[in-house]
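User: I've got this model open and I'd like to know how the helix packing labels come about. Can you walk me through the reasoning?

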Amino acid sequence: MVDNPKIQIRDVSYRYGQIEALSRISLDVPEHAVTVFFGPAGGGKTTLLRLINRLNDRVGNTTMSGQILIDDENIYAPGVDVPALRRRVGMVFALPLPLPGTVRENVLYGPSLAGVRSRSRLDEMLQTSLEQAALWDEVKDRLDQPASSFSGGQQQRLCIARSLSLEPEILLLDEPTSGLDPISTAKVEHSLLELKKQYTIILVPHSVQQGARVADYAAFFLMGELIESGPGADLFTQAKDKRTEDYITGRFG
Amino acid sequence: MSQQLAQKLGFVLLGLLSLVVIVPILLVIGAIIYSGLPAVSWEFLSAMPRDGMRAGGIYPAIVGTILLTLGTGLVAIPVGVGAAVYLSEYAQDNVFTRAIRLAIVNLASIPSVVYGLFGLGLFVLLLQFGTSILAGSLTLAIMTLPVIISTSEEALRAVPMEYRTVSESLGGTHWQGIRRIVLPQALPGIITGVILGLLRAAGETAPILFTVAAFFLPRLPQSPFDQTMALPYHLYVISTQVPAMPLQIQHGTALVLLAFVLSMNLVATLIRSYFRRRREW
């Protein structure tokens, strides 16, 4: 389907107890591009994102079948180093969730857990990731102030920077702008377009419009099923499936 | 009656009610200070009791209470906080953990004299620690555990779940998230629980009655296997068991016990507010 798949989702089904959240999903996610997972709430987008960095591992009473491959390796194979996997696959959540502590502590939380001790290396990571998240200019003089003293939009970009500081290969964003004003949203979207040069990005947009704006590839999810997927330009203008088209044009939501 | 007037009256009434809470505390403290302070001197604090405890000081009782409180903390803090971390962060919700929780709640409601008898049976007699600081500390620790566990677990659970998820999403192990984020956030609450528990232990008479407390022992304990005097028991003794006891000494002893407990409380409050300021982000 795509030439250079970074992530290959192979026939993945997932259940919370008796409730099927994902039903036989197969999808390739291309490298260095923004792939958008969209569809109405409850479609399984968030679940699928959380499966890609194994954040659902500790959720009880669930069953999964199928495989998820990153760089052709099954991340659910026995013996996979899960913390190491999560350093390769960053995650940004719907709400800005700064950890308690300063801007610096937040951004460097991941690297310090990973055992990076060199002061100069950490300073470099701090600046680079804040720049990538388009936040450096706003916070460079306030690095040691509490993260919670910044605005919601700044906090969310801080969370992006926090994920980037680990130099991941993949960035998963779950409605990262749902709590933000239009200006902050534009800033985040803008930084995504920069980031995709280096990273493989999967975005669950908070609106169809946002999806259409940033998608290189898109996949439409409805009630746990992948209805269709393809290049964003095609999917958002001439969907093949009636349900996709109805959703995009706002006939249901 | 206008709503505003009703509201004002309501506030005044509530204010008076809370005043009612303060009054007995002030009265108790005031009365003890008034009648006990004249007895408190450097000699009272630092000398052995003399003349069948009717004169001299209460030094060994003070030392005994400090030692018992420390011993209790040494056992109860690691066990209690550890159990709380397990229950809040690791334990699944199943019959086993529910049984543990039920046991903790029930432990908290057992009268302290029953702990005393239990300590006598288990530590003093069965394990042959004898009437000793070790046996007394262990007994007090068991009594303190429920308080420490339940308040610490409460404090840990109050830390937003999202912090744990974020920590994991950044490549942290389960334990790293607990140690770096959850425990520091919960620390003020944990400290409160610990101090509350230890305060109760420091002031209790019944659990130490059969396990450690000496009626009259005008020397300091030399090892954990020694008996010791302790302030609450000493107070009980000189108030009921010794005829012709000067009232001043009784009240002086009560004042020292009260000062010990209140100053621990103060220290706890200071520590708590220090950590709270530090994490006020």
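Analyst: Sure, and keep in mind that this is a predicted model. Let's start with helix 3 of chain B and helix 6 (residues 133-157) of chain B: their axes are 6 Å apart and the packing angle is about 35°. The crossing of this pair, helix 3 of chain B and helix 6 of chain B, is right-handed.

User: What makes up the contact of helix 3 of chain B with helix 6 of chain B, by class?

Analyst: That contact has 19 nonpolar, eight polar and three charged residues.

User: Why is helix 3 of chain B called oblique to helix 8 of chain B?

Analyst: The axes of helix 3 (residues 59-90) of chain B and helix 8 (residues 174-203) of chain B cross at roughly 140° and come within 9 Å. Roughly antiparallel needs an angle over 145, and roughly perpendicular stops at 115. The crossing therefore leaves helix 3 of chain B oblique to helix 8 of chain B.

User: Which residues make that contact?

Analyst: From helix 3 of chain B they include B:T65, B:G73 and B:V85, and from helix 8 of chain B they include B:I178, B:G197 and B:A202. By class there are 11 nonpolar, five polar and one charged residues, with glycine counted as polar.

User: How many residues does each chain bring to the contact between chains A and B?

Analyst: Chain B gives 16 residues and chain A gives 21. On the chain B side, the largest share, six residues, comes from helix 7 of chain B. That side of chain B has five nonpolar, eight polar and three charged residues.

Note on methods. Residues are numbered from 1 along each chain as its sequence is written. Chains are lettered from A and ligands numbered from 1 in the order in which they are written. This is a predicted model: local features need pLDDT of at least 70, side-chain atom pairs count only at pLDDT 80 or more; totals for chains, interfaces and linings use all residues. Axes are lines fitted to C-alpha atoms, for helices over the stretch in contact, and angles run from 0 to 180 degrees between N-to-C directions. Helices (H or I, at least four residues) and strands (E, at least two) are DSSP runs, numbered from the N terminus. Angles under 35 degrees count as roughly parallel, over 145 as roughly antiparallel, 65 to 115 as roughly perpendicular and the rest as oblique. Two residues are in contact if their C-beta atoms, placed from the backbone, lie within 7 Å. A crossing is left-handed if the near helix is turned anticlockwise from the far one by less than a right angle, and right-handed if clockwise.
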